Amino acid sequence: MSSIPLSSLPLSRHAVDRDHVSRSRPALFDELWEEPGTRVLPLWKGRALLTAESVEAATPAADGWGASGAGAAELELLPVEQVTAALLRVYLGRTLTATAKEPAGSAIVLEVLTDAAATELEPDEARWGNLRTVATALSDRDAGLFTEALAIANWHATHTNCPRCGTPTVVEEAGWVRKCFEDGSQIFPRTDPAVIVTVLDADDRLLLGSNAMWENSRYSLLAGFVEPGESFESAVEREIFEEAGVRVVDARYRGSQPWPFPASVMVGFTARLADDQAPDALNPDGEEILDLRWFSRDELWAAREQVILPGRSSIARALIEEWYGGSLDEAPVAP
């Protein structure tokens with residue numbers, strides 16, 4: 001049974017040297033524009049341009065999981081002269097792997113486009129891929145580039161003004177710093193950590209919840225943001241109690257994955273129901289979580305037509321499949 005290994009989560013893959021030492025060079029973009037191998041990654045409304053020949057492979061029916069696997073889809077990285085206008089420019093780094101089109105060491109620059117510029121560049125919206133649905137069909141290089149580009153673009157979109165005084169900020173350091181016009185303070189990109197938890201009871205059943213923002217049939221692992229001054233392990237215990245009304249113990253780290261929707265990193269854990277907590281004592285908070293259910297492996301397989309599970313680009317899917325023992329597309333193997 002093939003599943004997503006936690007060691008190679010779809011959005012954790014990368015094959016790019018971010019080359020942070022070059023960001024401080026004032027003339028960096030002028031220098032890069034003189035390099036014939038520099039390529040632009042165009043981004044429009046959070047979507048990246050795909051090569052025409054890989055659109056079908058990048059948009060399969062089931063959560064972006066192409067039958068031919070990673071590498072079936074490809075980002076369209078363009079020569080600098082083909083992208084004429086941009087709202088934002090960020091140096092993403094240099095590639096570590098070669099393709100038929102770009103040698104290793106190629107400089108990659110993100111350009112966030114206006115509607116007009118994107119339409120002029122490529123009017124066919126099918127060519128503009130969503131990271132959630134194409135991630136598992138991309139190579140390590142392209143998955144890493146898209147994730148990095150979307151995360152930094154989302155950060156810029158929410159930091160156009162100084163958080164201290166409200167003064168507009170200016171972009172510096174090749175797109176990795178914003179500076180306040182008023183007091184000169186520097187603002188650096190931030191990521192919000194969130195824990196996501198495989199909760200198990202004494203019978204090794206898995207706890208899944210339905211969020212108020214989802215359709216009633218969608219279920220996933222419980223998750224929540226880490227609060228200031230809180231460890232990941234404490235966040236696991238607090239979030240499960242807040243959302244499910246039961247205490248868990250033995251929180252153990254399993255893996256992490258960036259989740260730029262808009263600016264998170266998901267930190268995966270397992271935990272078990274405390275010995276003095278009855279499995280039927282579940283109490284959804286009624287605001288964020290509307291329903292909670294325990295599933296054995298056989299029960300989850302039997303409910304596959306009624307229950308919508310997390311997409312294949314998510315760490316939630318990988319954590320569930322780790323417990324399940326393989327791909328959720330196949331019946332569980334008898335112990």
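## A three-stranded sheet

Let's start with an open sheet of three strands, ordered β8-β9-β10 and paired in the antiparallel sense. Its edge strands are β8 (169–172) and β10 (186–187), each of which pairs on one side only. Keep in mind throughout that this is a predicted model. In general, strands of a sheet pair through backbone hydrogen bonds, either parallel or antiparallel.

Four bridges hold the antiparallel pairing of β8 with β9 (residues 177–180). If you want to follow the register on screen, find Thr169, which stands opposite Cys180 in β9, and then Glu172, which faces Val177 in β9. Four residues lie between the two strands of this hairpin, and Glu173 there takes a positive phi near 50°.

On the other side, β9 runs antiparallel to β10 and is joined to it by two bridges. Here Arg178 stands opposite Ile187 in β10. This pair of strands also forms a hairpin, with five residues between them, and Gly184 in the turn has a positive phi of about 75°.

## Aromatic pairs

How many aromatic pairs does the structure hold? There are seven aromatic pairs. One of them joins Phe29 and Trp33: the ring centres are 6.2 Å apart and the planes meet at 90°, so the pair is edge-to-face. Both residues belong to helix α1 (residues 28–34), and because they are four residues apart, about one helical turn separates them. Phe29 is buried, at 17% relative accessible area, whereas Trp33 is partly exposed, at 27%.

Tyr253 and Phe269 make another edge-to-face pair, with 6.0 Å from centre to centre and 75° between the planes. This pair links distant parts of the chain, since Tyr253 lies in strand β14 (residues 248–259) and Phe269 in strand β15 (residues 264–273), 16 residues apart. Is Phe269 buried or exposed? Phe269 is buried, with a relative accessible area of just 1%, while its partner Tyr253 counts as partly exposed at 47%. Ring pairs also bring in Phe232, so that Phe232, Tyr253 and Phe269 are linked into a cluster.

## Charges over rings

Trp33 appears again here, this time with a charged neighbour. The charged end of Arg89 sits over the ring of Trp33, 4.5 Å from the ring centre. Trp33 therefore has both the edge-to-face pair with Phe29 and the charge of Arg89 over its ring.

A second arrangement of this kind involves Arg132 and Phe261. The charged end of Arg132 sits over the Phe261 ring, 4.2 Å from its centre.

## Helix α5

Helix α5 covers residues 140–157, which makes 18 residues. From its first C-alpha to its last it reaches 26 Å, close to the 26 Å expected at 1.5 Å a residue.

How many of the 18 residues of α5 are buried? The count is 14, so the helix is largely enclosed by the rest of the structure.

## Confidence in the model

The protein chain has a mean pLDDT of 93, and 95% of its residues reach 70 or more. Where does pLDDT stay under 50? That happens over residues 61–68, for which the model has 17 contacts beyond four places in sequence.

Where pLDDT is low, the predicted coordinates should not be read in detail. Those 17 contacts of residues 61–68 belong to a stretch with pLDDT under 50.

Key
Residues numbered from 1 in each chain as written. Predicted model: local features only at pLDDT ≥ 70, side-chain atom pairs only at ≥ 80, totals over all residues. Heavy atoms only, no water. Pairing = 2+ DSSP bridges. Phe/Tyr/Trp six-rings, centres within 6.5 Å; stacked < 30°, edge-to-face > 60°. Buried < 20%, exposed > 50% of the residue type's maximum accessible area, 1.4 Å probe, protein only. Lys NZ or Arg CZ within 6 Å of the ring centre and 35° of its normal. pLDDT = per-residue confidence, 0-100. Contact = heavy atoms within 4.5 Å. Expected span 1.5 Å × (residues − 1).
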